[in-house]
Amino acid sequence: PNPTRATPVHEVIFDKPIIKVPGCPPIAEVMTGVITYMLTFDRLPDLDRQGRPKMFYSQRIHDKCYRRPHFDAGQYVESFDDEGARKGYCLYKVGCKGPTTYNACSTVRWNDGVSFPIQAGHGCIGCSEDGFWDKGSWYARLADLKGSGFGIESNADSVGLAAAGVVGGAVAVHAAVSALKRAQHKTTDNGADKGGEK
């Protein structure tokens, strides 16, 4: 609900360009970077479809997250106080929205680069995406993000199984070809021996 009827700036101002710098809170260096860009180049930065500057909102949190190797390896925090949480595993299963959120949090961070929510042990809440307040619980897991083949969302288990299948298939083909060659060679040798006795 919106009992105060709060309205975003882009629904109030129509005669001027709007640059959105969303976040909860927005990163100070991002705001400063946008202003510096405009003063330096005397133009607006390139914006994405939501009106955010691409220089800060073009990559997913997930793509630059230091916990990403754990996601790829299938190592997840199941609850905030489990062993996986203590080991710094991926927070996807406890609601991290990093795989669908575009922002500079994982590279710029807050307080002069000290930390960001995921580094502090809390999943990304997706605060830089449109309508994030209305998208359900912060702790609800996103829809399954399974990749195919060797895509960026493949985990180590799926990559390992695919590699094992390829290697196993190659070994079987090699063994079959080698056995066939031996059988042909043996037949040729036997024929040569018989021919020599005549």
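**Figure 1. Asp-63 and its salt-bridge partner.** At a relative accessibility of 34%, Asp-63 counts as partly exposed. The model shown here and in the other views is a predicted one. The side chain of Asp-63 meets that of Arg-60 in a salt bridge, with 2.7 Å from N to O. Arg-60 has a relative accessibility of 12% and therefore counts as buried, since buried means under 20% relative accessible area.

**Figure 2. A salt bridge within helix α4.** Arg-68 and Asp-72 both belong to helix α4, where four residues, about one turn of the helix, separate them. Their side chains form a salt bridge with an N to O distance of 3.1 Å. Arg-68 is counted as buried because its relative accessibility is 12%. Asp-72, with a relative accessible area of 23%, is partly exposed. This pair does not stand alone: Arg-60, Asp-63, Arg-68 and Asp-72 are linked in a network of salt bridges.

**Figure 3. The salt bridge between Arg-52 and Glu-129.** In total, the structure holds seven salt bridges. One of them joins Arg-52 to Glu-129, whose closest N and O atoms are 2.9 Å apart. The pair links distant parts of the chain, with the two positions 77 residues apart: Arg-52 is in the loop between α1 and α2, and Glu-129 is in the loop between α6 and α7. Both Arg-52 and Glu-129 are buried.

**Figure 4. Pro-53 and Lys-20.** Pro-53 is found in the loop between α1 and α2. Its relative accessible area is 0%, so Pro-53 is buried. A distance of 7.4 Å separates the C-alpha atom of Pro-53 from that of Lys-20, although the two residues are 33 apart along the chain.

**Figure 5. The largest cavity and its lining.** The structure has one cavity of 30 Å³ or more. The volume of the largest cavity is about 80 Å³. Two elements, α3 (61-64) and α4 (68-72), each give two or more residues to the lining of this cavity. The lining is made by 13 residues, and those nearest the centre of the cavity are His-62, Cys-65, Cys-90, Cys-96 and Ile-118. By type, the lining residues divide into nine nonpolar, two polar and two charged.

**Figure 6. The largest pocket and its lining.** The largest pocket encloses about 680 Å³ of space. Its lining consists of 22 residues, and Pro-8, Asp-130, Gly-131, Phe-132 and Trp-133 lie nearest its centre. Of the lining residues, 10 are nonpolar, seven are polar and five are charged.

**Figure 7. Trp-133 and a nonpolar surface patch.** Trp-133, one of the residues nearest the centre of the largest pocket, sits in the loop between α6 (105-108) and α7 (156-197). With a relative accessibility of 59%, Trp-133 counts as exposed, because exposed means over 50% relative accessible area. Together with Phe-80, Trp-138 and Tyr-139, Trp-133 makes a nonpolar surface patch of about 470 Å².

**Figure 8. The cis peptide bond before Pro-25.** The peptide bond that runs from Cys-24 to Pro-25 is cis, and its omega is near 0°. Pro-25 belongs to the segment before α1 (28-41).

**Figure 9. Positive phi at Arg-5.** Arg-5, a residue other than glycine, has a positive phi, near 55°. Arg-5 is placed in the segment before α1. Its relative accessible area of 71% makes Arg-5 exposed.

**Figure 10. Positive phi at Asp-42.** For Asp-42, phi is near 55°, a positive value in a residue that is not glycine. Asp-42 lies in the loop between α1 and α2 (54-57). With a relative accessible area of 70%, Asp-42 is exposed.

Key:
Residues numbered from 1 in each chain as written. Heavy atoms only, no water. 1 Å grid on protein atoms, 1.4 Å probe; cavity = no way out; pocket = protein on both sides within 12 Å on 5 of 7 lines; lining within 4 Å. Points joined across faces, edges and corners; volume = space filled by probe spheres on them. Nonpolar A, V, L, I, M, F, W, Y, C, P; charged D, E, K, R; others polar. Patch = residues over 30% accessible without salt bridge, like charges linked within 9 Å, V, L, I, M, F, W, Y side chains within 5 Å. Areas by Shrake-Rupley, 256 points an atom, 1.4 Å probe, with all protein chains shown as cover. Salt bridge = Lys/Arg side-chain N within 4 Å of Asp/Glu carboxyl O. Buried < 20%, exposed > 50% of the residue type's maximum accessible area, 1.4 Å probe, protein only.
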